[in-house]
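Work through the exercises below with the model open. Each task is followed by its solution in steps.

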Amino acid sequence: MKDGHFYIERKTLLVKSLKRWLVRLSVGLLVVTGTLPATTAQAASSKISKVPARAAYVMDAQSGQVLYQQNANHQYPIASLTKLLTVYLTVKAINDGKINWDDQVPIDSDLIRLSHNSVFSSLRMKSSDKFTVRQLVEAAMVASSNSAASALGDYVAGSNAAFIQLMNQQSQAWGINAHFISSSGLDNSDLDKYNYRLPGTGAKEENLVSAKAISIVAQHLLQADPQITKISSQTQARVNGTQIFNENGSLKGQANYDKDTHIDGLKTGYTENANLCFTATFTVDGERMIATILGGNTTFTAMNKLVKQVQKQYQLQPVHLTNRSVKLANGTTVQAVPDTSQVGSWTTQGQDGGQITTSFKPTLTPAALQAGRVQANDQVATLTVRDPQTGVTQEVAYRTQTPVTLFSSHQTFSRPTKVAPAIQRLTLQTAVFALR
């Protein structure tokens, strides 16, 4: 179907062209910690063969290190890979406390009508149906429901136009090469029929995004919701009693599953203009990875081959992280837990790894300093890991599991020279320092 992901119901096969049917037969085929590093380490001049597609990109989801790129910065149609940003902005709104997973989302009558078109829809909706945010995210990620994605956009931003503006603003904030006119991945020639064409855009305009850009969107989504692969790895699910299916052929139990690739997500896409698109998540030696292929004809086969070539070409230089004691500004010592148990840097097979260095620094958030209290799960330190050979720098947040009072209105500090400057600036408001 023209769902933006490569899913065609059997009844659709009766009315779609032979070209679409043959394309289907030919398919033979993160968690970033702390802040997202802006590493641009170049992929080695590798032995990885060219991917039979318009563009391809492979990166470490934690460090951002590039392991392979092919036309990676050129904008192409991405079909339902668009839903990665739609779901990210939904998760962000949840994390920011603006909406909740269990909120019931109203479904516009035009989206109900869209859901009844088997060419464009994978989840039929009725006006009497009630959908939560969680159910719509699942429908968008597993079944690539266009109506579900559009409903999420409306709910998050208040309208389709406001959400598209939010998508482009977020893209600009990240500095990625992307242009969005749709929250679902459908182009204007289809959206116009359902009153979801963005005013001021062309009759056939569509989302245009680079392989690198959509991989970075996936990286941010993994950071915002590390559990998203538990949704994207489902081969089928039930939403409001309706069975939905995942057309990601590389998942376990699917026709093109390869046990050596460890693929567990993330999103597929297809339109006639975009051809087959796939952003995959997988692990190598415990390291979370992201790979994107745009505009292919045998995407799952190509992805499995690409992942295995990356595994063969590169070796991981891992740094294993454990809990650490952190001495806060007031002298209190707390136990802190890292956001991830491992970070790493990739070198080509046979190449000696560089001298990886680490530095550990207590880091209190402005909110904690202002409140004078560290809450459970607040960041209290940062570990910086550097590999001068690859140029990779990573920052990992360490968080305390217990609340701690930093200072009270009458707290005395016996060593004023070691009091953090940020706390000293709060003296008149929150603390009295007895200098002696």
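**Exercise 1.** How much space lies in the largest cavity?

Solution. The model is predicted: local features need pLDDT of at least 70, and side-chain atom pairs count only at pLDDT 80 or more, while totals for chains, interfaces and linings use all residues. Residues are numbered from 1 along each chain as its sequence is written, and side-chain values use heavy atoms, without hydrogens and water.

Step 1. A cavity is a set of points on a 1 Å grid over the protein atoms alone where a 1.4 Å probe fits but cannot get out. Its volume is the space filled by probe spheres set on the points, which are joined across faces, edges and corners.

Step 2. The largest cavity holds about 40 Å³.

Step 3. Its lining (residues with an atom within 4 Å of a point) consists of Pro77, Ile78, Ala79, Thr82, Gly185, Asp187, Glu206, Asn207, Thr271 and Ala274. By class, four are nonpolar, four polar and two charged. Here Ala, Val, Leu, Ile, Met, Phe, Trp, Tyr, Cys and Pro count as nonpolar, Asp, Glu, Lys and Arg as charged, and the others, Gly among them, as polar.

**Exercise 2.** Find the strand order of the sheet that contains S12, and say why one side of S2 and of S10 is left without a neighbour.

Solution. Step 1. Strands (E, at least two residues) and helices (H or I, at least four) are DSSP runs numbered from the N terminus, and two strands pair if DSSP finds at least two bridges between them.

Step 2. The order is S2-S1-S12-S11-S10, an open antiparallel sheet of five strands.

Step 3. Strand S2 (66–70) and strand S10 (263–271) are at the edges with a single partner strand each, so one side of each has no neighbour in the sheet.

Step 4. Neighbouring strands are turned by 10° against each other on average, direction ignored; axes are lines fitted to C-alpha atoms, for helices over the stretch in contact, and angles run from 0 to 180 degrees between N-to-C directions.

Step 5. S11 (275–284) and S12 (287–296) pair over eight bridges, and Thr279 has Thr292 in S12 as its bridge partner. Helix H11 (299–313) packs on this sheet, touching S1, S2, S10, S11 and S12, where contact means heavy atoms within 4.5 Å.

**Exercise 3.** Which residues does the cis peptide bond join?

Solution. Step 1. The bond lies between Gly265 and Leu266, with omega about 15°. Leu266 is in strand S10.

Step 2. In the loop between S9 and S10 sits His262, a non-glycine residue whose phi is positive, near 60°.

**Exercise 4.** Where does the pLDDT stay under 50?

Solution. Step 1. pLDDT is the predictor's confidence in each residue, from 0 to 100. The chain averages 86, and 83% of the residues score at least 70.

Step 2. Residues 3–35 stay under 50, and residues 422–436 are also below 50.

Conventions. 1 Å grid on protein atoms, 1.4 Å probe; cavity = no way out; pocket = protein on both sides within 12 Å on 5 of 7 lines; lining within 4 Å.
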